[in-house]
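Me: Please take a close look at a single part of this structure and describe it for someone who has not seen it before. I should like to know how its elements are joined and which residues deserve attention along the way.

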Amino acid sequence: SFKAAGMKMEIENAYNPVESRMEIQASFKRNGKNEKRSFCHYIYTLKEVHQMLAEAGLKIIEMYGGCDGRDFALGDEQIYIVAEKIKK
């Protein structure tokens, strides 16, 4: 659970391997009010992202491991991809 600005948030994650999807249940408590929200994140390998971009006519030209412009490396939590339209 997390606490910030007088709000408490509790999160439950469940991974759906068939759909490659992380399913999230979040509960928010603030000023005596409770709210629940559900959302999901899809998880793709870098190869799958590369294939999806290629199918859309895009080519990866840069990959960064952060907003600071450092190169992407195995183990980075995020990847920032710069792609350009393939000229025909």
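Reply: A residue is called buried under 20% relative accessible area, exposed over 50% and partly exposed in between (1.4 Å probe, protein chains only). The model is predicted, so local features need a pLDDT of at least 70 and side-chain atom pairs a pLDDT of 80 or more, while totals for chains, interfaces and linings use all residues. Residues are numbered from 1 along each chain as its sequence is written, and side-chain values use heavy atoms, without hydrogens and water.

The part chosen here is an open sheet of 4 strands, arranged in the order β1-β2-β3-β4 with antiparallel pairing. Strands are DSSP runs of E with at least two residues, numbered from the N terminus, and two of them pair if DSSP finds at least two bridges between them. At the edges of the sheet stand β1, which covers residues 2-4, and β4, which covers residues 33-42; each of these pairs on one side only.

The description may begin at the edge formed by β1. This strand is joined by 3 bridges to β2, which spans residues 7-16, and the two run antiparallel. Two residue pairs show how they are matched: Phe2 has Met9 in β2 as its bridge partner, and Ala4 stands opposite Met7 in β2. Together β1 and β2 form a hairpin with 2 residues between the strands.

What is the place of Ala5? Ala5 sits in the loop between β1 and β2. The phi angle of Ala5 is positive, near 50°, in a residue other than glycine. Ala5 counts as exposed because its relative accessible area is 70%.

The next step leads from β2 to β3. These two strands run antiparallel and are joined by 10 bridges. Glu10, for example, has Ser27 in β3 as its bridge partner. Another residue of β2 is Ile11, which counts as partly exposed because its relative accessibility is 35%. The C-alpha atom of Ile11 lies 32 Å from that of Val82, a residue 71 positions away along the chain.

A second hairpin is formed by β2 and β3, with 4 residues between them. Ser20 belongs to the loop that connects β2 and β3. Here too a residue other than glycine takes a positive phi, since the value for Ser20 is near 50°. How exposed is Ser20, by its relative accessibility? Ser20 has a relative accessibility of 24% and therefore counts as partly exposed.

Directly after Ser20 in the numbering comes Arg21, whose place is in strand β3. Arg21 counts as buried because its relative accessibility is 18%. The side chain of Arg21 makes a polar contact of 3.4 Å with the side chain of Tyr42. (A polar contact is a pair of N or O atoms within 3.5 Å; within protein, one must be able to donate a hydrogen and the other to accept it, and residues adjacent in sequence count only if both atoms are side-chain atoms.) Tyr42 takes its place in β4, which runs over residues 33-42.

The last pairing in the sheet brings β3, made of residues 21-30, together with β4 through 10 bridges, again in an antiparallel manner. One of the matched pairs is Met22, which stands opposite His41 in β4. The hairpin of β3 and β4 has 2 residues between its strands, and Asn31 in this turn has a positive phi of about 50°.

A short review of the turns follows. In the hairpin of β1 and β2, Ala5 takes a positive phi near 50°. In the turn between β2 and β3, Ser20 has a positive phi of about 50°. In the turn between β3 and β4, Asn31 has a positive phi of about 50°.

The pairings may be reviewed in a similar way. There are 3 bridges between β1 and β2, 10 between β2 and β3, and 10 between β3 and β4. With the order β1-β2-β3-β4, the sheet therefore ends at β1 and β4, each of which pairs on one side only, given that two strands pair if DSSP finds at least two bridges between them.
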